Amino acid sequence: LKCPAKAIQPLACAVELVRCGSPTALTAAHPALVQACLSARMYHAALPFIESPALTQASKCTGCRPRDVLTYLYYSGRVYLGTKQFSKATSLFLRALAMPADCAHAVHWPVSYTHLRAHETPEHLVCRLLLEKKKKKTS
């Protein structure tokens, strides 16, 4: 998108329309909305959509697939990185990593882990180091 900020409002409306009457339902439009907020660096616009206490799992009514759930968790974690809420970001990344294997096969990862490390941002580095520190404490 050349101007991702223009996509935020229509995507927010789409999320509200597709929720099937449940304010906590995760829709197929959620990942696109959060991605648009990330691209526009308008993290505050995504917060109301990622701070819901509990999200209903994927359903036929909302059109949400397992890949949408993983993408949503990843982008939401990045929003929290942008707002410097590192513990919330870590929590969402861990939820994505802990997702059952039958959901993980639906995601196509186009780049290798080594490639991701080579392009790691300072925020990602902080989260990775926090996760490694937490892992060492529990071992």
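## A briefing on the helices, core and contacts

Thr90 lies in helix H5. Keep in mind as you look around that this is a predicted model. The chain has a mean pLDDT of 76, and 76% of its residues reach 70 or more. One stretch to read with that in mind is residues 104-112, where the pLDDT is below 50. Beyond near neighbours in sequence, that stretch has seven contacts in the model.

**Around Thr90**

- Is Thr90 buried or exposed? Thr90 counts as buried because its relative accessibility is 9%, and the cut-off for buried is under 20%.
- A polar atom of the Thr90 side chain lies 2.9 Å from the backbone oxygen of Phe86.
- Phe86 and Thr90 are worth viewing together with a general point about helices. In an α-helix there are 3.6 residues a turn, so residues three or four places apart point the same way.
- Leaving out residues up to four places away in sequence, Thr90 touches Cys127 and Leu131.

**The nonpolar core**

- The largest nonpolar core has 31 residues. Leu33, Val34, Ile50, Leu73 and Val79 are the ones with the most contacts inside it.
- Which helices feed this core? H1, H2, H3, H4 and helix H5 (86-97) each supply at least two of its residues.
- H4 gives the largest share of the core, with eight residues.
- Take Leu33 as a place to zoom in: setting aside neighbours within four places in sequence, Leu33 is in contact with Ile8, Leu11, Ala12, Val15 and Phe49.

**Helix H3 and what it packs against**

- Helix H3 runs over residues 43-50, and its buried residues are Ala45, Ala46, Leu47, Phe49 and Ile50.
- What do those buried residues pack against? Their partners are H1, H2 and helix H4 (66-82).
- Two of the H3 names come up in the core section as well: Phe49 is a contact of Leu33, and Ile50 is among the residues with the most contacts inside the core.

**Thr27 in its loop**

- Thr27 sits in the loop between helix H1 (5-18) and helix H2 (29-40).
- Thr27 counts as buried because its relative accessibility is 0%.
- The Thr27 side chain makes a polar contact with the side chain of His30, at 2.9 Å.
- Going by C-alpha atoms, Thr27 and Glu16 are 9.0 Å apart in space, with their positions 11 residues apart in sequence.

**The salt bridge**

- How many salt bridges are there? The count comes to one salt bridge.
- That salt bridge is between Glu51 and Lys88, whose closest N and O atoms are 3.8 Å apart.
- Glu51 is in the loop between H3 and H4 and Lys88 is in helix H5, so the pair ties together parts that are 37 residues apart in sequence.
- Both ends are partly exposed: Glu51 has a relative accessible area of 40%, and Lys88 is at 38% relative accessibility.
- As background, side chains of opposite charge can pair when their charged atoms come close.

**Cysteines**

- If you're thinking about disulfides, the structure holds zero of them.
- Cys3 is partly exposed, with a relative accessible area of 38%.
- Cys37, by contrast, counts as buried because its relative accessibility is 0%.
- One more cysteine to find on screen is Cys127, which Thr90 touches.

Conventions: Residues are numbered from 1 along each chain as its sequence is written. This is a predicted model: local features need pLDDT of at least 70, side-chain atom pairs count only at pLDDT 80 or more; totals for chains, interfaces and linings use all residues. Side-chain values use heavy atoms; hydrogens and water are left out. Helices (H or I, at least four residues) and strands (E, at least two) are DSSP runs, numbered from the N terminus. Buried means under 20% relative accessible area, exposed over 50%, partly exposed in between (1.4 Å probe, protein chains only). A polar contact is a pair of N or O atoms within 3.5 Å; within protein, one must be able to donate a hydrogen and the other to accept it, and residues adjacent in sequence count only if both atoms are side-chain atoms. Contact means heavy atoms within 4.5 Å. pLDDT is the predictor's confidence in each residue, from 0 to 100. A nonpolar core is a set of buried Ala, Val, Leu, Ile, Met, Phe, Trp, Tyr and Cys residues joined through side-chain atoms within 4.5 Å. A salt bridge is a side-chain nitrogen of Lys or Arg within 4 Å of a carboxyl oxygen of Asp or Glu. A disulfide is a pair of cysteine sulfur atoms within 2.5 Å.
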